Every structure is written in structure tokens, then in C-alpha cells.
Amino acid sequence: MAEFSELSIRGRVATSSDSDWDDARQAWNLAADQHPAAVAFVESADDVSKVIKFAAGNDLKVTGQGTGHGAAAMGSLEDVILIKTERMRGVDLEGEKARVEAGVLAEEIGGAAHAEGKSFLPGTSPNVGVTGYTLGGGLSWLGRKYGWACNNVAAIELVAADGEPRTVDAISDPDLFWALRGGGGGFAIVTALHVNLFPVAEVYAGALLFPPGVTEDGLRRYRDWTAEVPEEVGSMVRMLNLPPIPDIPEEIRGKKWLAITACCVGSKEEGEKLIAPLREIGEPAMDVFDQVPAPALSRIAMDPEPPVPGLGHHATVNELPDEALDAFVATAGPESDSPLLLAELRHMGGALSRTPENAGALDKLDAEYVMLGIGMLMDPAMREPIAGQLDKLHDALGPWAADGGYYNYAERPCDVEAILPETTCNRLSQVKRSWDPDNRIVANHSVAMATA
């Protein structure tokens, strides 16, 4: 039994004997019931180093966590020290780049960059951690134009499995630098990222909310529209089944909707022209498109911000013929009895499907769309019905599925072999063996150790 009183860090070490243990071990996704050996709230790379060395001396493992949005995919944390980086919130702008510590949230880097007329690559949540988002790929509204967030990283500060702090880049440690960019966090504990910023201060963005009667026609029109839009446009369509809870605006809660959300890099006039075909789908109950500051992008999908219990499943999709859309609607549409909160199709392509120079483990995604289903586990008795419906949704699009998946949408426990190509996984295994031969560092999607 480890004596955690002997682990002295500038931050705090919480154990099951503490009165606030349940709060300490909680992830943002409340469906993840985490039971680690201890939780270390670190404040520096030196703290991380001490935790890893303590773990090594007590036959324990470690894992890093910024917010816990992806915690549902994590396996057992027995004999694992959970390193929470939420206290590491420094942001420093460095010209066309920014140094962000491991606990920084998307809205924090977004605000800092915007003050200089620039933007990070924001996703759909303002309070997701930049580090976890980036290590898992980082799918942004701006991604079709600028690519994956993981391929817009210049350097990574980390503490390796030997407990030594390092800064790695494409020159100093190319294999480890490659693995962390899209291969997840199972190779080191990241303490800071040096990320690229982009000259985007404003965008034309927002959402259209249509009544459920236009769902089938709206999905077809959306699909046809995505085939024509330039790379400056990122978008998604969702079939929503909103619960009757106070967190949702009264006029839309407790109802079903078809929501189309999009971002257009350019002027308001350019955006209006690009979005016009979507407005022809029907009379929207809500139209909130406008020219907005870039940081607002993380809120246009209206994803929940307080911690919630969610179950998810996803699939990458090659094409969406009418038959695929019919299957999608039949499984999770307004006439189904689906208990899911949402069923989403996210448009890919553009720079997301091209391999850039010096790409990371996620170099591109060969899929036209990514499907994501989410159910809110407000009642534990709904776990099996929600999981079963997610399986049905995944299988419904099976005939049109692409190989592999997307790390950050893989909401269920699985190895990276289920997500990334075989050649990529083989190289990741070699990196794991080189940098963490004792498998000291674990992540939500494990990497098999290469044999000698």
C-alpha cells in the first residue's frame, strides 16, 4: 500500500480518506465513475515529475486528465494515480504561436488569441481542455481550411515515463513528437503545448433550428450542400431530442429538432451567400447566424457546459446516399423511439483529408463525414437502452462506413487499433516501447507494447 503522505508536491494529493474525495475524482463526463488510487492536482512540471517517480517507486501507473470530457473511454484506474492538470492555466502568446499549459480550456486560449486578432482551432465546447483535444486530433470548425489541431503543434513540453521533464519537437525527438500528435496521451504526461495561431478574428457562423417535419428533406439538402461548399466552411447537422430541463431555453426544450450549425471563414456577405441554400430548407424556428468573434465558435453548437453524464458512439462514413440517410433517420429520427439526445453528421474533407508536411499520428481522415450519437444518462436504468440504441445507430450506417475512427469521438473503451491504421499503430507500439517500456503511463485508448 502506497503511503501518499510521502508524496509532497506544490499542488495537492487527494485520497479516498479525504472528505471531498468524490469531487476530487470526478470527471466532466459524469457517466465516468473514476476510482483511482489517488488524485494529484499538479501545478507544474516538477509536480508531475514527482508524481511519476513516486508511482514508479510504488508499482503504480499514472494518467493525465485536463477536464475529463473523454473519461468514459477510460478503463479501470485501480493502481493508477490520476494526474489532474486543471491548475496549470498559463497562456503566453509567442507571435504566430501560443504556449498553453496543460489545464488551459478552449475558451481561454480563444480569448487570448482574439485579443491579438488571431484564433486557435476551436471545437464545439468552450470548456474542453486544449491538451486532450489536441492530443486526440482536435477537430475544429476551421479544420477544413487549416487541418487538425494536432498537426498545428510546434513543440510539446512533457514529463516522460522516467520522470524527466523534456521539450520535444520534430528535430529533438521526432518519434515521440509524432506519436503524441493524434495518438493520444499514453506516451508521456504533457505539461504544455506550443500551438499555431491563425489570422482569423471574425467568422460568419451560427445555427438553424428546423421543426422535425423537414428532417428527411433537410438531411438530403445538407448532404448536397456539403458537396459544393469551399474549404472555408465547416459544418454539422444534428437530429436533436432535447430533454425538458431548465438548462435548455424554454422555447425549444422538450422537443425534437433538426439543427444545422456552420462556420464560414470570410465576410458576412460571403457567409450569407454560402448559407443561403440552407435557409431554403424551410422556415427555421431559430436562425442565429451572424458575423461573430472567433472565440464564439466554441458555443455555436450549444453543447452543454456544466458536467453531464453522457454515453456516446461514433463511426466514420464514406458516403451518404439516400439509403444511408434513410437508415440514419429510421434509427434516431423524430419518428423513432430513440432515447438519444442527438445523432450528428460532421462534414470532413478539405485539409482534414490531406497529409500535411511533418504530420503527426493522425495525418488525415479518409472519410466524408463522422457520425456521432450521444445519450444523456440522467437515469442509471437508461444505460443499457442508450447503449443499445447507440449500437443500432452505428450498425445502421455500417454499409457506408469508412475504416477506423476518430480518437476524440471514440467514447467507448477500445485500443488504438480500432481507431488508427495498422501501420500507424505499429509505429505507435515502437514509440511506446522506447519511451515507456514499463507501461507506466496509461490513456483512454491503450497502445499495444511492441515486442523486442
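Here is a short chat about the cavities and nonpolar cores of this predicted model.

Colleague: Happy to look at this with you! How many cavities of 30 Å³ or more does the structure hold, and what is the volume of the largest cavity?

Modeller: Counting from 30 Å³ upwards, the structure has two cavities. The largest cavity has a volume of about 110 Å³.

Colleague: Which strands each supply at least two residues of the lining of the largest cavity?

Modeller: The lining is made up of 17 residues, with Met239, Leu240, Asn241, Ala332 and Gly333 nearest the centre. By character, eleven are nonpolar, five polar and one charged. The strands that each give at least two lining residues are β11 (233-241), β12 (256-264) and β16 (342-347).

Colleague: Nice. And how do the lining residues of the second largest cavity divide?

Modeller: That cavity holds about 40 Å³ of space. Among the residues lining it are Trp141, Arg144, Arg346 and His347, and β11 and β16 each supply at least two of the lining residues. The lining divides into three nonpolar, four polar and two charged residues.

Colleague: Turning to the cores, which helix gives the largest share of the largest nonpolar core?

Modeller: This core has 81 residues, and Trp148, Ile156, Leu193, Val203 and Leu428 touch the most other members. Its largest share, five residues, comes from helix α6 (residues 174-180).

Colleague: Good to know! How many residues are in the other core, the one with Leu311 and Met371?

Modeller: It lies apart from the largest core and includes Ala327 and Leu345 as well. Its size is 42 residues.

How values were computed
Residues numbered from 1 in each chain as written. Predicted model: local features only at pLDDT ≥ 70, side-chain atom pairs only at ≥ 80, totals over all residues. Heavy atoms only, no water. 1 Å grid on protein atoms, 1.4 Å probe; cavity = no way out; pocket = protein on both sides within 12 Å on 5 of 7 lines; lining within 4 Å. Points joined across faces, edges and corners; volume = space filled by probe spheres on them. Helix = DSSP H or I, 4+ residues; strand = E, 2+ residues; numbered from the N terminus. Nonpolar A, V, L, I, M, F, W, Y, C, P; charged D, E, K, R; others polar. Core = buried A, V, L, I, M, F, W, Y, C linked by side-chain atoms within 4.5 Å. Buried < 20%, exposed > 50% of the residue type's maximum accessible area, 1.4 Å probe, protein only.
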